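Here is a short tour for the bench, to be read with the sequence and the 3D view open beside you.

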Amino acid sequence: MKKIITVLSVGICMLLNGSCSDLMDLNPTTQPSDKNFWVTQNDFDMALAGIYGNLRSNEYFNAQYGLWDALTDNMYAGHNEGATGDICEGNIETDIGGYVKDIFTGAYSSLARINTFIAHAEANATLPADVKKQMIGEGRFFRAFHNMFLYICYGDVPIVTGMLTLDKQYLPKEPAEKVYENILVDLDAAISDLPDGTYAQLKGHISKNAAKAFKAKVMLQHAYKKGVADKEEMKQIVALLETISGYSLQPVYGDLFEDAKQEESPEIMFSVKNLAPKSCSGLDMYMTNWLMYCPLRNLVDAFEMKGQGKWSDSDEAKAVNEAVLNGDDVEAAEAERAKLFVNRDARLAATVFHSMRPFPEVRYIAGETDFTGFGCYKYLQRDKTLAAGDLLDGEVSEQDMILMRYGYVLLMMAEAENEANGPTPKVYEAMNKIRKRAGQNVLPAGLSQEAMRAKIRHEWRVETAFEGLHYFEMKRWHTLGDIVKIKDPKFTDYKPHFEDRFYYWPIPQSEIDKAKGILVQNPDYK
């Protein structure tokens, strides 16, 4: 089914993706005529496949989804991809591109297509009732999904729930709280209309339980006000998460990111589907010979020793010669860097490679700069036979990009329950499932709420590194300012800067100009 969804997506993107550049975009300029489309169930199947496929064509939710971590203390992105370097250095202005512009314009482009789909599905009188219900539920989920990123990244934004007209192409901003409430309305409707069943059973379609997990995710963001959690909201999140069933952790952590083992995964709840060679992501190329994913030493040091214990307190840490590790002798530095991976949490080796050697027999050097000495191993293809010197390219990356998995549900449960009630057995159960899968010791009994909070935040970081979540974690915990403390011992040009106004991004100036006074700028960026 992965192949069917992907092939349909390729075709329908010609119909629905269009060249949408204005803020609201009215309706997709290349959509088929209403007279010969939106008639049969096949028409709606194709249009829906295009909505799913739009996630794949949008790099920020596919091959570049992990680059959200470049806005945190986890990594640096080579080539200033997505303007992440500018964002990290604090060069956030109204005319900046990359994530700041493209998340905004991409979301409204997607919403235009989704609203068109929902309107025609609601008006159609020939679709079978159960098919129509599910399709509208899927449409409302995707509307909530894109609005979720608008809400979290920009705060006050226009709410677009229908097809726009030439007379009403631009809408004023609404308060962030109203945007959030609108997201919950769509998610509740989706949860009501979507079918039960796991992601694997539903062949790649969004399910009721996955929609619940995304609802919990946005609720978790809302529950914090400048890093302080609302206990009552946390209780509601716990209650919601307790209704999710049918999933379990993948027995081997690294298998989550291998294409051949993803389709029947008991853990993956929703992902972006890729299929080589026409619908691949280029992720392997980005992580190796382009070296866009550059983990910081700060992240490497965060992984515990095998079982438990801080790396910095270990005998292994004391045995490392930092001058050699970060020196100019490449071979000596590689040997020294290998010491960092001895007796460590198994997730480190499943997440990070070092010295431009993701696989022992291959050295990836293509004229790129080795920034930090580390690269991202997570999501790399493991089953490709390469001769020394060969490079992974953009035609081999068909592994799916995970957007929701059961591991996140457990971590959300631990975080919400701890903030609501302290370190109860529910917290320990969720945390220990995650840790035991990684081969780590269970947590000691008797932890305080504050100590457990630190443990939970640690697990979020090492469990989900490069999965596009850590920026949003630090955002809700109000700790993004901590990035200014990070100094990488090898990559001395890494000089992050953060101001409180960056918690919300500016509206792209190009969209402000087009709206001719209807859309106003975030006051922090005037």
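## Cysteines

By the distance rule for sulfur pairs, the count of disulfides comes to zero. Keep in mind that this is a predicted model. Two of the cysteines are worth finding in the viewer. Cys88 counts as buried because its relative accessibility is 5%, under the 20% cut-off. Cys153 is buried too, with a relative accessible area of 0%.

## Overall make-up

The protein has 19 helices and eight strands. Of its 526 residues, 61% count as buried. Contacts often link parts of the chain that are far apart in sequence: among contacts between residues at least 6 apart, 72% join residues at least 24 apart.

## The nonpolar core

In soluble globular proteins, nonpolar side chains tend to be buried together. Here the largest nonpolar core has 172 residues, and those with the most contacts inside it are Trp68, Phe141, Phe270 and Trp505. Helix α5 gives the largest share of this core, 14 residues.

Phe149 is a good place to look at α5, the helix that runs over residues 129-154. Is Phe149 buried or exposed? Phe149 counts as buried because its relative accessibility is 3%, under the 20% cut-off. Leaving aside neighbours within four places in sequence, Phe149 is in contact with Phe61, Tyr65, Trp68, Ile103, Tyr154 and Phe472. The C-alpha atoms of Phe149 and Phe104 are separated by 8.3 Å, although the two residues are 45 apart along the chain.

## Strands β4 and β8

Strand β4 covers residues 268-272, and five of its five residues are buried, so the strand is largely enclosed by the rest of the structure. β4 pairs with β8 in the antiparallel sense, over four bridges. In this pairing, Ile268 stands opposite Arg405 of β8.

Which residues does Phe270 touch, beyond those up to four places away in sequence? The list for Phe270 is Tyr52, Leu55, Phe141, Phe142, Tyr199, Gly204, Ile206, Phe214, Ile402, Leu403 and Met404. One of these, Phe141, is also named with Phe270 among the residues with the most contacts inside the largest nonpolar core.

Asp400 sits in the loop between β7 (374-376) and β8 (401-405). Asp400 is buried, with a relative accessible area of 2%. Its side chain reaches the backbone nitrogen of Asn274 at 3.0 Å.

## Two helices to trace

Helix α4 spans residues 98-123, and from its first C-alpha to its last the 26 residues reach 37 Å, close to the 38 Å expected at 1.5 Å a residue. α4 is mostly covered, as 21 of its 26 residues are buried.

Helix α17 (residues 449-464) has 16 residues, which at 1.5 Å a residue should span 22 Å; the end C-alpha atoms are 22 Å apart, so the two values agree. The buried residues of α17 are Met452, Ile456, His458, Glu459, Trp460, Arg461, Val462, Glu463 and Thr464. They pack against α10 (297-302), α14 (346-351), β8, α15 (406-421), α16 (425-437) and α18 (470-477). Strand β8 therefore appears in two settings, as the partner of β4 and as part of the packing around α17. After α17 comes Phe466, whose phi is positive, near 65°.

Note on methods. Residues numbered from 1 in each chain as written. Predicted model: local features only at pLDDT ≥ 70, side-chain atom pairs only at ≥ 80, totals over all residues. Heavy atoms only, no water. Buried < 20%, exposed > 50% of the residue type's maximum accessible area, 1.4 Å probe, protein only. Polar contact = N/O pair within 3.5 Å; in protein donor to acceptor, adjacent residues only side chain to side chain. Pairing = 2+ DSSP bridges. Disulfide = S-S within 2.5 Å. Contact = heavy atoms within 4.5 Å. Core = buried A, V, L, I, M, F, W, Y, C linked by side-chain atoms within 4.5 Å. Expected span 1.5 Å × (residues − 1).
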